[in-house]
Amino acid sequence: MIRKLLVGAVGGAVLVGAVLQLWGTNLPRTTTAERTAELSAPVSEVYRLVTDVNGQAGWRSDVSQIQLSASGSAWEEHTKDGSVLTFHVLRKKADSLFIISYSSTTGFEGRWKGTFVPTSRGTRVRFIETVTIPNPLIR
């Protein structure tokens with residue numbers, strides 16, 4: 001009786017794993033998301049908030065710790081779920097552009113681009129993120 005239960009449990013686990021693998025294989029390896037918003041704050045204030053790496057732990061609920069490199073152009077972000085993301089600044093233009101790349105200990109990597117445009121009502125932001133997840137089991 002126990003042997004049948006064990007065989008059934010192992011068989012079920014293998015089947016679930018195979019289904020997840022098949023499902024993940026059919027999802028795109030790389031995907032892009034884009035968001036645009038108009039904020040009622042000056043562009044300098046919005047840009048400063050987004051690019052203040054050390055300050056992000058104060059307003060992002062998923063971040064527990066940030067370790068900034070001596071140069072300030074790279075940092076590690078420790079999340080509350082235990083993963084670590086490594087970021088590198090690719091391009092930075094005051095009050096208008098911020099582009100970074102990142103990789104995670106959980107097996108994904110990507111690139112994030114933020115553009116900041118002053119408007120009569122404040123700031124229009126546009127964020128584009130492209131992420132690549134090689135492992136089909138975590139897509």
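These legends accompany close-up views of one predicted protein model.

**View 1. The whole chain holds three helices and seven strands.** From the N terminus on, the elements run α-β-α-α-β-β-β-β-β-β. The chain has 139 residues, and 27% of them count as buried. Take the contacts between residues at least 6 apart in sequence: 39% of these join residues at least 24 apart.

**View 2. The largest nonpolar core has 19 residues.** Those with the most contacts inside this core are Val46, Trp75, Phe87, Phe98, Ile100 and Phe116. Several elements each supply at least two residues of the core: helix H2 (43–51), and strands E2 (63–68), E4 (84–93), E5 (97–104), E6 (109–119) and E7 (122–132). H2 gives the largest share, four residues. In soluble globular proteins, nonpolar side chains tend to be buried together.

**View 3. Helix H2 has buried residues on one side.** The buried residues in H2 are Val43, Val46, Tyr47, Val50 and Thr51. Why do they lie on the same side of H2? They cover an arc of only 115° around the axis, so they share a side. An α-helix has 3.6 residues a turn, so residues three or four places apart point the same way. What covers the buried residues of H2? The cover includes strand E1 (30–39), helix H3 (56–59), E4, E5, E6 and E7.

**View 4. Phenylalanine 87 belongs to the core and also lines the largest pocket.** Which residues does phenylalanine 87 touch, not counting residues up to four places away in sequence? They are Ser73, Ala74, Trp75, Glu77, Ile100, Ser101 and Tyr102. Two of these, Trp75 and Ile100, are listed with Phe87 among the core residues with the most contacts.

**View 5. The largest pocket has a volume of about 280 Å³.** It is lined by 13 residues, and the closest to its centre are Gln56, Arg60, Phe87, Ile100 and Trp112. H3, strand E3 (74–79), E4 and E5 each supply at least two lining residues. E5 gives the largest share, three residues. By class, the lining has nine nonpolar, one polar and three charged residues. Rolling a probe the size of a water molecule over the atoms shows where empty space is left.

**View 6. Valine 53 sits in the loop between H2 and H3.** Is valine 53 buried or exposed? Its relative accessible area is 7%. The cut-off for buried is under 20%, so valine 53 counts as buried. Leaving out residues up to four places away in sequence, valine 53 touches Ile66, Leu68 and Trp75. Trp75 is also one of the core residues with the most contacts. Valine 53 and glycine 72 are 19 residues apart along the chain, and their C-alpha atoms are separated by 8.9 Å.

**View 7. Isoleucine 99 is found in strand E5.** Its relative accessibility is 6%, so isoleucine 99 counts as buried. Which residues is isoleucine 99 in contact with, leaving aside neighbours within four places in sequence? One group is His88, Val89, Leu90 and Arg91. The others are Arg111, Trp112 and Lys113. The first group falls within E4 (84–93), and the second within E6 (109–119). Isoleucine 99 and arginine 111 are 12 residues apart in sequence. In space, they are 7.3 Å apart, C-alpha to C-alpha.

Notes
Residues numbered from 1 in each chain as written. Predicted model: local features only at pLDDT ≥ 70, side-chain atom pairs only at ≥ 80, totals over all residues. Heavy atoms only, no water. Core = buried A, V, L, I, M, F, W, Y, C linked by side-chain atoms within 4.5 Å. Buried < 20%, exposed > 50% of the residue type's maximum accessible area, 1.4 Å probe, protein only. Contact = heavy atoms within 4.5 Å. Arc of directions from axis to C-beta. 1 Å grid on protein atoms, 1.4 Å probe; cavity = no way out; pocket = protein on both sides within 12 Å on 5 of 7 lines; lining within 4 Å. Points joined across faces, edges and corners; volume = space filled by probe spheres on them. Nonpolar A, V, L, I, M, F, W, Y, C, P; charged D, E, K, R; others polar.
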